[in-house]
Amino acid sequence: MSDKESPIKYFLSGGFGGICTVVAGHPLDTIKVRLQTMPVVGPNVVPLYSGTIDCARKTVTKEGIRGLYKGMGAPLCGVAPIFAISFYGFGLGKQLIKKTDDEQLSALKLFYAGAFSGIFTTIIMAPGERIKCLLQIQHADAKPKYKGPVDCVKQLYREGGIRSIFKGTCATLLRDIPASGMYFMTYECLKRWMTPEGEKLGILPTILAGGSAGIANWIVGVPPDVLKSRLQSAPEGTFKRGIRDVFIDLMKNEGPRALYKGCAPVMLRAFPANAACFLGFELAMNFLNIVLPNI
């Protein structure tokens with residue numbers, strides 16, 4: 001990713017990379033949310049899902065393959081601008097941090113630039129995540145409350161106004177600022193390390209660096225993501241003080257290990273989904289550099 005690429009190319013390439021991410025990773029994201037939000041049961045009661053494989057099997061058995069893609073409409077609609085803004089925010093963050101045009105940023109400065117990009121995406125990410133979570137926790141053996149993303153937005157607005165749609169915004173920021181820093185820092189550092197000076201970035205280094213960036217992103221992001229999913233999928237009025245109440249309730253009833261619920265599908269998803277993202281980004285950027293060299 002060149003520091004001198006135009007904002008238009010950042011937007012277009014980042015958007016295409018984001019679409020690749022959703023298509024590659026949404027099934028495991030659905031499993032992650034279902035594991036994170038399944039009801040807490042007593043010591044002698046069998047839980048709804050025993051793990052990642054069990055959740056996937058039950059979902060496909062009851063709802064078919066399409067069940068794994070529930071709620072994909074919301075992230076697909078928002079993912080192009082989200083990733084476009086994210087990649088643009090990272091590029092802008094690098095430019096703000098740089099003292100000279102040819103300065104090679106340290107890992108820490110790359111982290112700061114990546115964290116800066118996390119702020120940019122929240123206004124789109126928060127409502128999209130809210131809708132996605134509510135649709136993903138709807139199971140086949142119960143009458144669905146929401147018919148789809150549009151119906152979900154209408155009902156949320158009717159029940160709690162615009163604040164209900166944006167519920168979990170602070171929780172999204174708490175997840176995305178540090179996670180985005182790790183994401184872009186890891187990709188840039190590994191890409192730099194695996195590509196000899198003067199040579200073009202190859203497909204394999206892109207896949208390895210992109211997939212590793214996804215793993216690094218979620219190592220930091222899983223605990224706040226669990227809190228965010230709980231908050232955004234809870235009935236209105238459940239957690240009056242927001243993420244603080246979610247954290248207190250989770251620690252009291254389930255303990256610290258609950259902060260890593262859904263970690264297995266997250267990590268299984270992280271490598272291929274983010275490898276697809278950065279591969280899509282780099283391919284789109286190379287294509288645009290060929291067909292639109294002067295933009």
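Which side chain has a polar atom 2.8 Å from the backbone nitrogen of lysine 99? The views below come from a predicted model.

**View 1. Glutamate 103 in the loop between α3 and α4.** The side chain of glutamate 103 provides the polar atom, 2.8 Å from the backbone nitrogen of lysine 99. Beyond its neighbours within four places in sequence, glutamate 103 is in contact with Ile97, Lys98 and Lys109.

**View 2. The largest nonpolar core, of 22 residues.** Five members touch the most others: Phe83, Phe87, Tyr183, Phe184 and Phe278. At least two residues come from each of α1 (7-37), α3 (73-97), α4 (107-136), α6, α7 (203-233) and α9 (263-291). The top contributor is α3, which gives five residues.

**View 3. Surroundings of phenylalanine 184.** Neighbours within four places in sequence are set aside here. The contacts of phenylalanine 184 are then Ser86, Phe87, Phe90, Gly114, Ser117 and Phe278. Another core, of 14 residues, lies apart from the largest nonpolar core. Its members include Leu227, Ala234, Phe239 and Leu259.

**View 4. The second largest pocket, with a volume of about 350 Å³.** The lining comprises 16 residues. Closest to the pocket centre are Arg163, Lys167, Gly168, Phe239 and Gly242. Both α5 (149-165) and α6 (169-194) supply at least two lining residues each. By class, the lining holds six nonpolar, six polar and four charged residues.

Notes. Residues numbered from 1 in each chain as written. Predicted model: local features only at pLDDT ≥ 70, side-chain atom pairs only at ≥ 80, totals over all residues. Heavy atoms only, no water. 1 Å grid on protein atoms, 1.4 Å probe; cavity = no way out; pocket = protein on both sides within 12 Å on 5 of 7 lines; lining within 4 Å. Points joined across faces, edges and corners; volume = space filled by probe spheres on them. Helix = DSSP H or I, 4+ residues; strand = E, 2+ residues; numbered from the N terminus. Nonpolar A, V, L, I, M, F, W, Y, C, P; charged D, E, K, R; others polar. Core = buried A, V, L, I, M, F, W, Y, C linked by side-chain atoms within 4.5 Å. Buried < 20%, exposed > 50% of the residue type's maximum accessible area, 1.4 Å probe, protein only. Contact = heavy atoms within 4.5 Å. Polar contact = N/O pair within 3.5 Å; in protein donor to acceptor, adjacent residues only side chain to side chain.
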